[in-house]
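Colleague: I'm new to reading protein models, and I'd like some help. Could you walk me through one, feature by feature?

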Amino acid sequence: MESSSCCSSTAADPPQESFLQRTLERLPSTQSLKLTAEEAAPVAVVAIQRYLSEPTEGQQLDSYSYDVTITDGVWRAKCFLHPSLNHLVHRNTLRTGTDVSVRQCSFVYNERRLGHGYICIEKVESSAETSSLLPRINNPSSLPMLVKHGMERSVVLQSDVPLQVSRKHYLSLWNNDDPEGDMWISGSASPDPVLDVSKVTLLSSLESSFRVSWKPLPLLVKIIHKSRLRYYGKFGLKIDYPYQTYFEVADQSGTMSLVLWNELCPEYYLRMNVGAVLYLQNYTLKQSYSNRSRPQMDHHRMKIFTSVEICLNPRNPAADITVVSPKSVLPQWGLPEVSYHFTARSELEKISNGSACDVIGLVTFVGRVERVRSKGSKEKYWTYRWVHSVDGTSDRPFILELFSSSQPEIFNQICPMTYLVCTQMRVCQVEGSLPYLTSSCETEIFITGYHKGQPYVSDPRVKSFIQWTKTLKDNVVLQKTAVGGHYCYPPPPRRFSQSATDTSGQVPLVAASDLKRELESLQYREHKKLAIQGEIVAIRYTNYPKKVSNEPKNYSSDAHKDPADCLMSPSSDRGKANTRKRTNQFSKAVPSSLNCASNPSKRRLKYKNTKEREEQEEEESASAYEEVQHEQQECQDSPASSWESSSWSKQREEISEHLHHGGLHQDSVARRFTFDEKSALLRWSNLQPTRWTPPAAADAPPHTPCPGHYQLTILGINKQIAVDAAFLPVVRSDDPRAVGLSQDPHDNSMLSCLSSGFLCPLDSTAGDGELTPRESGSDRRNKSLLSSSPASPVECLALIFFFFFTFGWLLAEEILATARGLENTHVVCVLELCQLGGDKVEILIDKVYRVMDVTLD
């Protein structure tokens, strides 16, 4: 059979050998093609796109379907992922930027439509963690799309629409709030038509016109608030574009809500921004929906009309919308200015719970993007991240819980050292902790690069903030920055409460037997907090985790794969190379007074050239590091590094299951932000992208050594199931988790550390926590070092490692010595769960309560 008779392309057929082309040629002769390992050449995953599934006969496995675009370096093919493999996407096991092997596939024709069919992937295996094909392809989208002969005119195969033709558009891969795909139109519209503003009506007249037969006159209004998108698609709903979004619009008479419906959302949502002026015709009125959230607008000092709302529909009647260009807006129209209510950090404690405010700050910490299941839904997720920002009015930062605001290009680019504006944030006052701010449906966020033209730029509070930032030094601020890692706020209350009547805000207490099901149900980056009763029966302290194998896994297998229980380490050679590089960089960064020339014995040492000197310093630094590391490993393996209850050895033999998930992962630990690593850090802390793009820098941030942490084994109260969980106490005041933590003194016993979450007192060597244009913490430390005998960079490095490991280990030993106080103690453990992708599941202990600290209502 000639290849030209089975597949074709809009471009000339590539001359190279193609696995995808050969596979498509074989498909017509079989119902389902099974490929051997030798036949299944690796292909790279270029894109994974999600959409609402079509109703099908029989049981529906999932509400959503996935199209997967793969390439063999010669062709691209957009394939349908069989629903039985959807769980691979849910866990981010099948993801963009990796190589896979297709082991079974079929060709599916659409029986109700001529000229449409697609490849269905039915079985797939991993080939490599990172793709070996994609680095050789400059632009995967430039490769021709593989199309079966006779289907060249299929628009579906060639465009940004789903393979299941009853669906017209894709959804964002990880939530339903973000616009996704080519259908979302941005930018300015065509030049304004001539507007007849002589016959416009005011908002104040619309309330009296409701339920009266009338012909709507044009409206001329300004947008003062904008909500995020709402997707309401579901099975059986025969609407192609089930979207809705609210705006608050104003004219000289007051404000009113406006609703944009269905396919008008992709056409206008990105163009209808706060401050834009609209000329509206063919709109309708309806009674306001009372149960939706509304922005707080008291600061606008305008009358608010709440009985009716304006509806813009795509038909019956088709609304006529004109987004007036700013240069065409005339002052005589009398439209009000957009007003803001910026609040300084120093004022936050005085604001009542639930109030709305706008804030501006300099970002110092950005947490990883996580997901949480929407209440009452098994498949709908919210995406969010935690952010710290400072504004110079307090030594404490704003703690911001930012949910997706339908602005993915901004949400995914938040990083330290950027100016962040958040509007319509809601105040959450927390007893015993610092207040924080959380997003509302009307929250919008803006970062450096997106402020130009926004109405708030002339606000006095904004101008004052900008003046303050000019007094800062980048190197001082950078020392106080962090990206990613585990973060959760607010800290658990002092007493654990369980109420049968009011479960709002209550951490669910689950049976140990239910914990396995909870862990298995987690999807990629899903965060969940729960509590279990039991007894802590074993504790181990470790600084360096074991290495784990990266053997390929068969993704189609139903066998349960235990997550990696430790932090993945780089290879030995790469680790040593990185060590030498870091130690050399450290040597160069030491002040001149600490350089070798400052030491009389070193001053006499001569080198032939600078390169020889640097190589010598690298070798000595690496040698010092490896020696201390070896000594630390010996300490780690000693019996003093662990504790077990006297009954655990016997109980271990009697339990029905032991859930080994409790290691610490690299994704659990925050990293310092640097501009050089910005691109890599953003990739690392964001969700897996829908489409693969070539990395601008390294594929992943530099390896970060795992900090000292404890691994605990918790035996369920009925002694049937045990679970491992990691405990990473806060040990430094510059840890983002230290902000808002109640730091009441305690005795550093194992139980008090588990109860408080920190070691007492916190190490404050990183500085005093204030962001002011003054001497940095490192400068003060350097001055302190200068007062003692000078030392070489190698000696300095060795001393740092010596103090860090030796005293850290001694303190860990002291804490472990008190673990015997946990023997036969009934406790409640609050656990933080997060699915980090693939087989990695994070289980961290947030707080441990004694039973006497539990309140029953």
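Colleague: Let's start with charged side chains. Which side chains meet in a salt bridge at 3.5 Å, N to O?

Modeller: This is a predicted model, so keep in mind that the distances come from a prediction. To spot a salt bridge, you look for a side-chain nitrogen of Lys or Arg within 4 Å of a carboxyl oxygen of Asp or Glu. Here Arg-732 and Asp-763 fit, at 3.5 Å from N to O. Arg-732 lies in strand β31 (residues 730-732) and Asp-763 in strand β32 (residues 758-763), so the pair ties together parts that are 31 residues apart in sequence.

Colleague: And how covered are those two?

Modeller: Partly exposed is the label between 20% and 50% relative accessible area. Arg-732 gets it because its relative accessibility is 31%, and Asp-763 gets it too, with a relative accessible area of 31%.

Colleague: Which residues are linked with them in a network of salt bridges?

Modeller: The network links Arg-672, Arg-732, Asp-734 and Asp-763. By the same distance rule, the count for the model comes to 29 salt bridges.

Colleague: Can you show me another one from that count?

Modeller: Sure, try Arg-373 and Glu-526, whose closest N and O atoms are 2.8 Å apart. This pair links distant parts of the chain: Arg-373 sits in strand β18 (residues 370-373), while Glu-526 is in the loop between α9 (512-521) and β26, 153 residues apart.

Colleague: Is Glu-526 buried or exposed?

Modeller: Buried means under 20% relative accessible area. Glu-526 is at 1%, so it counts as buried. Arg-373 has a relative accessible area of 25%, so it is partly exposed.

Colleague: What about a salt bridge that involves two strands?

Modeller: Look at Glu-832 and Lys-529, whose side chains meet at 3.3 Å, N to O. Glu-832 belongs to strand β33 and Lys-529 to strand β26, so this salt bridge ties together parts that are 303 residues apart in sequence. Glu-832 is at 0% relative accessibility, so it counts as buried.

Colleague: Let's stay with β33, then. How many of its residues are buried?

Modeller: Strand β33 covers residues 827-837, and 11 of its 11 residues are buried. To see what surrounds a strand, start with its pairing partners. Strand β26 (residues 527-542) is joined to β33 by eight bridges, and the two run antiparallel. You can follow one bridge yourself: Gln-533 has Val-828 in β33 as its partner.

Colleague: Which other strand pairs with β33?

Modeller: Strand β34 (residues 840-850) does, in the antiparallel sense, over 10 bridges. Find Val-830 and you'll see Lys-847 of β34 opposite. β33 and β34 form a hairpin with two residues between them, and Gly-838 in the turn has a positive phi of about 65°.

Colleague: Now the inside of the protein. What's the general idea?

Modeller: In soluble globular proteins, nonpolar side chains tend to be buried together. In this model, the largest nonpolar core has 117 residues, and Ile-310, Leu-312, Leu-400 and Leu-402 touch the most other members. Strand β17 (residues 356-366) gives the most to this core, with six residues. A second, separate core has 37 residues, including Tyr-541, Leu-759, Val-841 and Val-848.

Colleague: What is Leu-400 in contact with, leaving aside its neighbours within four places in sequence?

Modeller: Among its contacts are Val-359, Trp-386, Val-387, Leu-420 and Leu-437. Arg-385 and Ser-389 are also in contact with Leu-400.

Colleague: How do I read a helix in the same way?

Modeller: Pick out its buried residues, then ask what they pack against. In helix α14 (residues 678-685), the buried residues are Ala-680, Leu-681, Leu-682, Trp-684 and Ser-685. They pack against β19 (381-390) and β24 (482-483).

Colleague: And a polar residue, such as Gln-104?

Modeller: Gln-104 lies in strand β6 (residues 99-109). The side chain of Gln-104 makes a polar contact with the side chain of Ser-32, at 3.3 Å. Not counting residues up to four places away in sequence, Gln-104 also touches others, including Leu-33, Cys-120 and Glu-122.

Colleague: Last one: what does the whole chain look like?

Modeller: The protein chain has 17 helices and 35 strands. Of its 857 residues, 52% count as buried. Among contacts with a separation of 6 or more, residues 24 or more positions apart account for 74%. The accessible surface comes to about 39,900 Å², and 50% of that belongs to carbon and sulfur atoms.

Key. Residues numbered from 1 in each chain as written. Predicted model: local features only at pLDDT ≥ 70, side-chain atom pairs only at ≥ 80, totals over all residues. Heavy atoms only, no water. Core = buried A, V, L, I, M, F, W, Y, C linked by side-chain atoms within 4.5 Å. Buried < 20%, exposed > 50% of the residue type's maximum accessible area, 1.4 Å probe, protein only. Helix = DSSP H or I, 4+ residues; strand = E, 2+ residues; numbered from the N terminus. Contact = heavy atoms within 4.5 Å. Pairing = 2+ DSSP bridges. Polar contact = N/O pair within 3.5 Å; in protein donor to acceptor, adjacent residues only side chain to side chain. Areas by Shrake-Rupley, 256 points an atom, 1.4 Å probe, with all protein chains shown as cover.
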